[in-house]
Amino acid sequence: MSNEAVLHAHSGAHDGHGDHSHEHHHQSFISKYVFSQDHKMIAKQFLITGMVWAVLGGFMSVLFRLQLGYPDASFPWLETILGKWAKGGHITPEAYYALVTTHGTVLVFFVLTAGLSGTFANFLIPLQIGARDMASPFMNMLSYWFFFAASIVMLSSIFVETGPFSGGWTAYPPLSALGDASPGSKSGMDLWIVSMALFVVSSLLGGLNYIATVLNMRTKGMSMTRLPLTIWALFFTAVLGVLSFPVLFSGFILLIFDRNFGTSFYLSDIFINGVGALPNEGGSAILYQHLFWFLGHPEVYIILLPAMGMVSEILSVNSRKPIFGYMAMIGSLFAIAILAFLVWAHHMFVTGLNPLLGSVFVLLTLLIAVPSAIKVFNWLTTLWRGNIRFTPGMLFAIGFVSLFISGGLTGIWLGNSALDIHLHDTYFVIAHFHIVMGVASMFGMFAGIYHWFPKMYGRFMNNTLAYIHFWVTMAGAYMIFWPMHYEGLAGMPRRYYDYSIWESFKQFQGLNQFISLIAMIVFAVQFLFLFNFFYSIFKGRKVTTQNPWEANTLEWTTPIHPGHGNWPDEIPEVHRWAYDYGKDGVDFIPQTTPVGANESVEH
Amino acid sequence: MNKLNSEMTTTVPGRVPQRIHPHKFVMWVAIGGIVMMFAGLTSAYIVKKNQSSWLQFDLPMEFYYSTAVIVLSSISMFLSARAIKAGKMSQYKTMISVTAVLGIVFILLQYLGFKDLQAKNIAIVGPRSNSAASFLFVITFLHMMHVLGGVIALVVFWVKAMRDRVTNSSLMSVEVLGTYWHFVGVLWIYLFLFYNWIG
């Protein structure tokens, strides 16, 4: 009922499960490629916008790694592209901080939130649950265009005279609240906050849709416990987003009032050089941190969960084995989603937090290790004695598991409030979150792209390029972030401009140079991926069968080039869970196959 | 997994069993998000109140009137939903416009309330302001914006009704709007109680 109602809401003609074709939609270029309401096109819009941001954000990291690796060298070409921000071929301290800040904001929100869950929630939810489109295709379209607007505003902030916001991606006051505090706190910050407000709206519109679609639009027979794990993960991601982004928004509103209307929510007893004492009194910057991290911590799971879901699916398909512990996988996703809301203060151990309260947050933080370990165990046991196909998607999925283990273990260190006194704000933290959240989720995203590319464009990506991309990125990720653990343990603080003038950290000059060099190589290799992606859209090897990976899920029952509405005929009915691989000696049994008379009962 | 197989067989072939309409469901999830936003703000309020230099003052009288107005508007919203279900179009038109007008009156009363505070020399924003007044303003202002959104939707519905553009699907939309409208009413009552006794 609701499926047809959604697609034909404008025409008002619903006839239940009509078996008319959906290919006949008359579509202009604008309604097909620009203001599209087809979830598959919106997914591609999110993906490609995310890629543009990944290149920009990645390039920013190359620029500041140049400064960190070669603080004494001069690069005249930098002045050519950055102008006054790199006088004499040296990145200025202001530009350095602006680059670090924008790199963080862009990668966390625009690439790994919008680019990851925006792409795959849009693409996979209707296809894998058996729906013609999202609950509200119009809201879905708005979600993308709000993201696009946020992107334009953020991009424009790079070009203002005083530079983009420079105060760290967390935008703590007073740097974010006082325009006089630094050049990067002026109009760059105004644009930052407008952009982020638009982004929050985009995330909420998307999240509402994903939740409603998963709960209400599943095809006949698709009970919640038959859903592929991708859908469960994307569902929990959306729940996290809908419940935590509004809190961030409320924090931003108070920030806007402090910034523009002279209130004192976050400000107190401040003296600015050249301006004098400010009248603000009674505010507390810690209040912002609470509001920010109440989103900020769920945000890391918003980034990670979609990758976990896709990895579970890809590992199972390419091991030709059912996922190990399906219910435990859902349970651990649920546990992570709940705990995500109860650990935010572990980002604030050294803000003067009551040690007793801190110990509660230590306990809750360390509890996350339990569901995480369950997931890792289940991924490894899924691989165990599997008939593994090392497709590029599979390699990235295995790489994800590796990175998740390496990065997760250091999380146990950082979750201890006592150790955190030493490790807080050092490169150890940088290493931890880049491996476990940043690179791991990028790997999840690459896995998803390589695996579902045939469904997206009806062609395959090139394997050789993909293998080079994988191995260089995998080795590079460890070579970049592993040494940072040592720097962090030695106490090297993050966000500093130049360590070479610092007696305690001079010794790391060579290591920093090494990291910068690898970072540039890894960045360069991503262009291999980009080339592969865009070349394969037009020239890739064509998909000739409906189900190239021999997978069970519903997206592979659609035509090779599905139209708007996904299935030309009736939506197929589902008779079993998504993981009947190698059951009763049969390699795979799609979800649409009815249960046979002699089939064994356990899955 | 086979035990689940019999679950769906009793339903009419080719039909998905009746579930809550997705648009209605979206509204409920959105309400969850809005609740989180105000939960964030009111908990910040509590944290702040327990710190130094918190100004104590009474809520302006206008807020008491506005509470009554929003309760009345909820009743008229309820009546308009009942009218459209019964097919009484003229009653529906009246009630939906009454609800919109009451919504506007509510917003005006809130505005007058802040005028009143300023008249008592309590600065809401600016360098002389105290967080107590600023918090009251920001939270109430955000709530007013949510009411304004509802009023805009009500006006759109009213215009549609005047042009006789009411179809079968309008019934569902009115129900969704009704849910939202009752929610912003309940939200205000929560905030009102919060300002007076909880916070």
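Among contacts in chain B between residues at least 6 apart in sequence, what percentage join residues at least 24 apart? In this predicted model, the share is 79%.

**Chain B**

Five helices and zero strands form the secondary structure of chain B. Along the sequence, the pattern reads α-α-α-α-α. Chain B has 199 residues, of which 37% are buried.

**Confidence in chain A**

The average pLDDT of chain A is 92, and 95% of the residues score at least 70. Residues 9-24 of chain A, however, have a pLDDT below 50; this stretch has 23 contacts in the model beyond near neighbours in sequence. Predicted coordinates should not be read in detail where pLDDT is low.

**The contact between the chains**

Chain A contributes 50 residues to the contact, and chain B contributes 40 residues. On the side of chain A that touches chain B, at least two residues are supplied by each of α1 (2-7), α7 (187-216), α8 (229-261) and α9 (285-319). Of these, α8(A) gives the most, with ten residues. By type, the side of chain A that touches chain B comprises 26 nonpolar, 20 polar and four charged residues.

**Two helix pairs**

A pair of packed helices is described by the angle between their axes and the distance between the axes. The table sets out two such pairs.

| Helix pair | Angle | Axis distance | Crossing |
|---|---|---|---|
| α8(A) and α4(B) | about 125 degrees | 11 Å | right-handed |
| α12(A) and α13(A) | roughly 155 degrees | within 11 Å | left-handed |

The first pair joins the two chains: α8(A) packs with helix α4 (residues 131-162) of chain B at about 125 degrees. The two helices are therefore oblique to each other. In this contact, A:I253, A:L254 and A:F257 of α8(A) meet B:S134, B:V138 and B:L142 of α4(B). These residues divide into five nonpolar, one polar and no charged.

The second pair lies within chain A and consists of helix α12 (residues 369-383) and helix α13 (residues 392-414). Why are α12(A) and α13(A) described as roughly antiparallel? Their axes cross at roughly 155 degrees, and angles over 145 degrees count as roughly antiparallel, so the description applies to α12(A) and α13(A). On the side of α12(A), the contact is made by A:A369, A:S372, A:V376 and A:W379, while α13(A) provides A:V401, A:F404, A:I405, A:G408 and A:I412. The residues of this contact comprise seven nonpolar, two polar and no charged.

Methods. Residues numbered from 1 in each chain as written. Chains lettered and ligands numbered in written order. Predicted model: local features only at pLDDT ≥ 70, side-chain atom pairs only at ≥ 80, totals over all residues. Axes fitted to C-alpha atoms, helices over the stretch in contact; angles between N-to-C directions. Helix = DSSP H or I, 4+ residues; strand = E, 2+ residues; numbered from the N terminus. Parallel < 35°, antiparallel > 145°, perpendicular 65-115°, else oblique. Left-handed = near helix turned anticlockwise from the far one by under 90°. Contact = placed C-beta atoms within 7 Å. Nonpolar A, V, L, I, M, F, W, Y, C, P; charged D, E, K, R; others polar. Buried ≥ 20, exposed ≤ 12 C-beta atoms within 10 Å, placed from the backbone. pLDDT = per-residue confidence, 0-100.
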